[in-house]
Amino acid sequence: MNLARFPRIRLGHLPTPLEPMERLTRHLGGPKGGPRLWIKRDDCTGLSTGGNKTRKLEFLMADALAQGADIVITQGATQSNHARQTAAAAAKLGLACHILLEDRTGYADPAYSASGNVLMDKLHGASLSRRPGGADMQAEMEAVAEAMRAEGRRPYVIPGGGSNPIGALGYVNAAQELVTQASDMGLRIDHVVHATGSAGTQAGLVAGLVALNSGIPVLGIGVRAPKAKQEANVLALAERTLAHLGLPGLLRPEHVVANCDYVGQGYGIPTEGMVAAVRLVAEQEGILLDPVYSGKGMAGLIDLIRQGRFGREENVVFLHTGGQAGLFGYPDAFGLPAETPR
Ligand SMILES: *Cc1c(COP(=O)(O)O)cnc(C)c1O
């Protein structure tokens, strides 16, 4: 596997740290002990408060420049972390950026529609337009791109979440980074767990870990689709990513596992488990998770640990995919008092 064959622009602070979570390990271990918990800090990729999309954008933005684009178009939910990181990457490279935001939650809270990621999209100079929940966002982007081409512009359309075989190379790279880091530390990784949405992160990770013959299983905790659909999306993209790498035929369906029991009422809608997970990790580790992805991913991991699904002393790496900016879009979700009492 030779990633250097693919055009790439450095946008992230890489490698991101791989750290033990000692207090959380003790807290969840109970008297009989539990798995050892580690965290891969892809919330620290550095671009506009960081997150997993930065790794994908290293390959996607290189492709946009190679194609002579003068504007990038992408889409996401209102509090999209992908939109924010794309806007920042475009700013850094001197490209214009237009973002289509889908109202997937129907929240009327002004913080949800204007603070957090939305504020940052605007600070990076992106233009925004909104679409109702359930719109065909890919078709909406194509229509916007067509209108721009008619005006003589050169748009480059990035799919939601940056999830295509080019973007997924960012997580093939992360797989390589993780395996190298673990081997330098003498760490045997038994499981990687992370939040999975548009599938590019899990597809790239699985593709990379399989291509490296690492034997490390990945568990995606779903935030939107039901299990069968999520696994099919990840599997299809992982296959296309391996084909793009020139390594077809390595993947087996059992390499792709998603658990979609922690979505709750829907994408971007808080759950009790998410609130508890965000608060617990903030209090035990001084690490901020996010309400839409990593909070639900951690809620799943915590529940599975409590069910005894991981062996004692097994090393479990939680991939922190970022998203903390989204906390400011959900100021009332955490059951915290509005003011500190005197
Ligand atoms: C996009 C995102 C994910 C999910 O990654 P996909 O590649 O879309 O599956 C997880 N966490 C955060 C914070 C994200 O922004």
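Here a trainee and a mentor talk through a predicted model of a protein with its ligand.

Trainee: Let's start with the ligand. Which residues come nearest to the ligand?

Mentor: There are 17 residues around the ligand, and K53, K56, S198, T201 and T321 come nearest.

Trainee: What makes the pair between S198 and the ligand a polar contact?

Mentor: Set the distance against the cut-off: a polar contact is a pair of N or O atoms within 3.5 Å. An oxygen atom of the ligand is 2.5 Å from an N or O atom in the S198 side chain, so the pair counts. The side chain of T321 has an N or O atom 2.6 Å from a nitrogen atom of the ligand, and for N81 the distance to a ligand oxygen atom is 3.0 Å. Both of those values pass the 3.5 Å limit too.

Trainee: How much of the ligand does the protein cover?

Mentor: On its own the ligand has 380 Å² of accessible area, and the protein covers 98% of that. The space that the ligand takes is the largest pocket.

Trainee: Which helices and strands each supply at least two residues of the shell?

Mentor: Those are α2 (53-66), β7 (191-196) and α8 (200-211). By class, the shell has 11 polar residues, three nonpolar and three charged.

Trainee: Now away from the ligand. Why is the pair of R36 and E313 called a salt bridge?

Mentor: The term asks for a side-chain nitrogen of Lys or Arg within 4 Å of a carboxyl oxygen of Asp or Glu. In this pair the closest N and O atoms are 3.0 Å apart, so the label fits. R36 lies in strand β2 (residues 36-41) and E313 in the loop between α11 (294-306) and β10 (315-320), so the bridge ties together parts 277 residues apart in sequence. The whole structure has 14 salt bridges.

Trainee: How do you know that the peptide bond from L14 to P15 is cis?

Mentor: Its omega is near 0 degrees. P15 sits in the segment before β1 (18-20). Most peptide bonds are trans.

Trainee: And what makes the phi of A199 worth a look?

Mentor: Phi of A199 is near 90 degrees, a positive value in a residue other than glycine. Most residues other than glycine have a negative phi. You will find A199 in the loop between β7 and α8, and β7 and α8 each give the ligand shell at least two residues.

How values were computed:
Residues are numbered from 1 along each chain as its sequence is written. This is a predicted model: local features need pLDDT of at least 70, side-chain atom pairs count only at pLDDT 80 or more; totals for chains, interfaces and linings use all residues. Side-chain values use heavy atoms; hydrogens and water are left out. A residue is near a molecule or strand if one of its heavy atoms lies within 4 Å of it. A polar contact is a pair of N or O atoms within 3.5 Å; within protein, one must be able to donate a hydrogen and the other to accept it, and residues adjacent in sequence count only if both atoms are side-chain atoms. Accessible areas come from the Shrake-Rupley method with a 1.4 Å probe; for residues, only the protein chains shown count as cover. On a 1 Å grid over the protein atoms alone, a cavity is a set of points where a 1.4 Å probe fits but cannot get out, and a pocket is an open set with protein on both sides within 12 Å along at least five of seven lines; lining residues have an atom within 4 Å of a point. A molecule sits in a cavity or pocket if more than half of its atoms lie within 2 Å of its grid points. Helices (H or I, at least four residues) and strands (E, at least two) are DSSP runs, numbered from the N terminus. Ala, Val, Leu, Ile, Met, Phe, Trp, Tyr, Cys and Pro count as nonpolar, Asp, Glu, Lys and Arg as charged, and the others, Gly among them, as polar.
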